[in-house]
Amino acid sequence: MTRKSVLLVLPWLACGDAGQLHPFASGAMSGSGTDSASSASDGSGSGGDDGLDGVIYVRCPRTPGLLEVTADIVVDGATVSATRSFHHADVYDRLPGTNNTAGFVAPCDLMWLRDGAEPTTLWDCSSSATATDACVALDPAIAHDGTRAAFVVLQGTIDHYHEQIEAQTLREDAQQSVVGSVQLPNPLFTPVASRLVVIDLQTGESWESVAAAGEIRRSPTFLADGRIAFASSQPGQPPTQVRESIGEWSNLGGTSRVALLALDPGDTTPVMLGVHHLTAARAPLQLRDGRIAHVSTQRTGLQPFRYTNGSPGSPGAFRNVNHIYVQDPDGARMTALLGQHTHLQGGWYSHSSIASLGQASDGRVLAVEGAGPPDAGALLGFAPDVDGREGPAPFTVDPPLVFLPADLERLTPWAAGPGSFGAAMPPPSLSVDGYADPLAYAGRVRDASGEPGGGVLLTWTKGACSDVASNDLLPDPKPPATSGNGNLVPLHTLELLGLDNPGCDAGIARATAVPIDHPSALQPIIDTPQWHELMPVAVRPFAQTHDQEAPTAIEPAHRRAEPHDALPPATPFALLGASSLLQHETRSVEGNPFAGEVQWALQGAQTSEWQPDEVCGVRIAALLPNVAGDETALRSAMGHRVRILAELPVRKSTDGAVAIDPLGDPDTSFRVRLPADTPLLIASIDCEGRALTSSQVPFSLRPGEDRRCGGCHVRSTLPLRFEDTLAATRPPLLAGDGTVQLLAGGTVLAPTLEFRSGWGLDVEFTRDVWPILETRCASCHASDTAAAGLRLDLAGTDVGSSWWRLAADASQSYVPPAQQVPVAGTLRKPQLSRYVRFGSARGSLLYWKAANARTDGRTDASFGAGDGAAADVDFGLDHPTETTAAELRTLARWIDTGAAAGAAALLDAAPPVLVARIAASDPTTLLVGTVDLGEGIEPDSLAVAWRVAKGWNPLASSPPAASAGVVEISLAGVPDDATLRISVSDASGNVTTVEHPRALLREP
C-alpha cells in the first residue's frame, strides 16, 4: 500500500457523533488483527491497472465472555437459588442486513483489507461509541470502474434486550416455569439518522448526502447512468396495514414504508424509483441487463395471510416473507422475479424470505434464502427471466413449483434456511482457527457476489446462529428446554453440547466455484473470533467479473415510448395496454374453495367461478398511501384506501358483429391513459361492476410511459401481442381526468355507462353501505330477534357493530351456532366473516342475499358433506329483496375494494402528481404537468423558485396549474446553473415539491 498523508475532504462530525473517516495512510485502527486472518491473495481480488485491490467489508462486535444467570427455582417442591454460566451469548447476535434494519450489534466499522496488507479502517465507529451516541458504517458498494466506494453511516443508540428465564435452563430437575428475566449482553442498535457517503479510493476525496430527519437510508448501489440508488424509509408514511383475524390492526411491519430512491451526485434531492413500494423495498442491485433487482415485502390484501404459520386466519410470520422483484432504473416495468407467487413449501425449496442479492459472472442471480439473527441462510442461483416471466408454465409442474425458476439451484446444500439452528456439519469434520473443537454446525451464508471465473465472495456465519433452538444434535432422550425460542433455551441447548464452538461468528470467505459442496471449500479471507466480519465487496472494475464495463443502460420509460398525442412532454399521465382479459392463467392451482389462504398465492386471484362471456370490462383502482394514525383509524382489508379511477368496457364489435382477436377469442384488449406515479390494482369485471379476477401486487407507471401487457399471468403459451389487437389501433380510454366512468349494467356488447364527476370513487361503509342496510335490511335484521341472528342495525366499526360482524368476525363470535360455518376455530381467508369474502362480491353471502341469487357460479349442491365442512357456504332459502341494481353495484364495489369503514377511509392522502421537464428544443421553457387523485389540483398553488447559492427567488409570475395536463413557464432570467423548486398542492392541502438543478431537468 502506497503511503500517503492525505486527509479526506469531507465535512465529517466528531467520531462519537457520526464516525470518522480516517487518513488512508495513517494505519490507525488496525482492523481485526491477524490471529486468524488470511492476508494471502490468490489474485482474484486484483483490481487492475489503477492499483486498487482487496476487499472492503464491515466489522461489528461479537458478543464475548460468559453470561451468568441467577434465579430462584423450585426443585422437589422447595425454592432454591440456582446460578449457571452460559458461554454462547453470541447466538443472540443480530447482524445488520437486508431484513435486519434495526436491533443489531453495534458499533460497526468500515474496513479495507488490501492484498498482502493489514486491514485499515475507512470509517471508525468503535473507538468512541457510547450507548446514547453510536454509529455503524454499513452496506459498502463499489463503482463500476472500481475506484469509488459508497456506503451508509447510521447514527443512533445502543441498548440491550431482556430474556425470560426458564427454570429448567438453570437446572434440568427444576419445576418448569418462568422465574424472572436477565439482560443479555448483546448490543442492539436503533438508528435515528443516516447519511450516504461516497469515497474516491484513489484520491481520498469524498461526497456525502445527509438524509432528512427520520429518514434511514440503506444499501447504496451504483447505477450505469451515474446515479446512486438506495433504500430509504419514508417518515410519516406507514407501510401497508395488516389486520389480525379478530379484527384488530397489527402494524408489525415497522413505522415507515421503505422505498427505492436514486440520487445524482450533482443533486441534493433523491428521486423515488416507483411509488408501488408500499411496504418495503430493500437491497437494490443493478443487474447486468440494466434492470434493478430488489428484495420487496408486499402486504396488500391477502398477501400476508398466505402463510399462516400454523394459525388459520392469521397472518402468522408475514414479516419474514420477502420476495425478489425487478424493475427498470426509473421504476418502470416492475415485475416479480422470485417468490411472489411461490408456495411456502416447494419440494426441496421452502420459500420464506430473501435476505440478500448478488450476481454471478455467468449472469445468474445469487439470492440468499434466510432470515433470523444473522440474516443468513442458503445460497441459491438462477437465471433471471428477461421477458417478465416468473418460473415455468402453471399446470405443467407440481403445484408447489409453480413460478419457481426452472434452473433454480441450491449452491450451498449444507446451509440451512431460516427458522432454527443451523444444520449439522456434514462429513468430513471441519475445524477453524479460534475454536478448539470441530464445528458442530455447518452454518449459513449471506452477502454473496460474483467473482471472476465463476467464483463467489460471501459471508459465512458459523455456529447455530439462531434464537430458535433445535436439539437435533443432543442424544436421546432429549433434555427439557432444548427446543424452541425464548427463555434462554438456545443458550441451554448449546451449553449441553459442551463444545468450544461459536454461537454465531461471521467471517468473510471466497469460493472459486459453485456449487459449494462443503464449508471446507470456503477459503477464509478474514475471520476473527472477536469480530463479525460481513458485507464484503471486492475492489475491482465491474468488467473483470462481468465482461462489460457497466450494466446495460436503459432509457427512462418516457424516452422509450413512441410519440403519442395522449403523452405530451412532461405529461403526468401514462398509457397502459393489455392484449386480452380472456387469455389468462389466474385460476389458483388449488381451486377456489370457501377457505384456504394459498388459493391466492399459487397462481392468481380469481374471485369466483365465471365464464368468458361474462367478462365485460376492467376496473382500475388506486391505492392511496397510509398516514400516521391509520393503524387504528383505517378499517380496510386491503390495507390502504382504495379509489376506483375507472371501470372501462373492453368488448368490441366490427360492423355489428363481435370482434375477434388473433387467438379466436372475443377481443377484450384495452388501452387506457392513467395518472402516472400512482400505485394501481387491476380487476376484470362483469357488466355489474363485480370483480372476476383481481390483482393484489400494486404497480405504477412512470410519466410518459407506454406499457403493454400480453394477457394475465400467461405462462403456458406465448401471450397475445398487444400490437395485434384492436385496442392498439384505437384512441386510448381516459381515466383520472375529472370524470369517473363506471359500468352500470347492460350487456357485454352494449354495457350501460355511468359518469360521475370527480377524480376517483371510494366506497365506505357508513356513508355508502349503511344507508342501504337501513333501508333494505334493518327491518328484518334488527334487535335480538334479527333474522338468521344477523344484526344490521348497529352503527360504527367497534367490535360487535354491524360492520364488524360483516367484515371482521372471522371467529364467528356473533353468528348463532346454528348458522356458523362448521370449522374449528377461526375462519380461514379469504373469508373475512361468514358473510363477506375478501375482494369478491360474487362470492359473498351478504351480496347473494341482497341480490336474492347465488352469484359465484356454483350451487348449494356443488359441494357435499364429503367435500369437507369448509368447502362452501350455502345460499339457503329464497330471500326476496327490494335492493336496487345501483345499490347492488355499490355493495359489490365496497366488498371488492376491501370493505372499508370509517372516516379515515375517505381521507385524501394522495399528494398531487407533479412532473417537471425542460425540452431540449426549448431550454428557456419549463414544462410542468400536474394531476391529483383526491380532491383535485388547487390551480393557484403552483409555485416556482430558483437559487444559485443561498436564498430562493420566486419567479415573477407563473400560470395556474393544470387540473390534468401541462403548463409552460418561462425561465427568462433564471441562470443556467440554478436549482429549481416547483411545488403544487391539491384542494385537501397535500403538497408535492420537486427540487433539482436546471441541467438535470433538461431532456437530452
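**Salt bridges and their burial**

In the predicted model, Arg218 has a relative accessibility of 6% and therefore counts as buried, the limit for this class being under 20%. Asp139 falls in the buried class as well, at 9% relative accessibility. The two residues form a salt bridge in which the closest N and O atoms are 2.6 Å apart. This pair links distant parts of the chain: Arg218 belongs to strand β13 (residues 217–222) and Asp139 to strand β7 (residues 134–142), with their positions 79 residues apart in sequence.

A salt bridge is also found between Asp686 and Arg842, with 3.0 Å separating the closest N and O atoms. Here the partners lie in loops, Asp686 between β40 (680–685) and β41 (691–694), and Arg842 between α7 (802–807) and α8 (845–851), so that distant parts of the chain, 156 residues apart, are linked. Asp686 is buried at 4% relative accessibility, and Arg842 is buried with a relative accessible area of 3%.

Glu995 and Arg947 form a salt bridge through their side chains, at an N to O distance of 3.6 Å. Because Glu995 is part of strand β52 (residues 991–997) and Arg947 part of strand β48 (residues 943–947), the pair ties together parts that are 48 residues apart in sequence. Glu995 counts as buried at 17% relative accessibility, whereas Arg947, at 26%, counts as partly exposed.

Shared partners connect salt bridges into one network comprising Glu562, Arg671, Asp706, Arg708 and Glu723. Over the whole structure, the search finds 51 salt bridges.

How values were computed: Residues numbered from 1 in each chain as written. Predicted model: local features only at pLDDT ≥ 70, side-chain atom pairs only at ≥ 80, totals over all residues. Heavy atoms only, no water. Salt bridge = Lys/Arg side-chain N within 4 Å of Asp/Glu carboxyl O. Helix = DSSP H or I, 4+ residues; strand = E, 2+ residues; numbered from the N terminus. Buried < 20%, exposed > 50% of the residue type's maximum accessible area, 1.4 Å probe, protein only.
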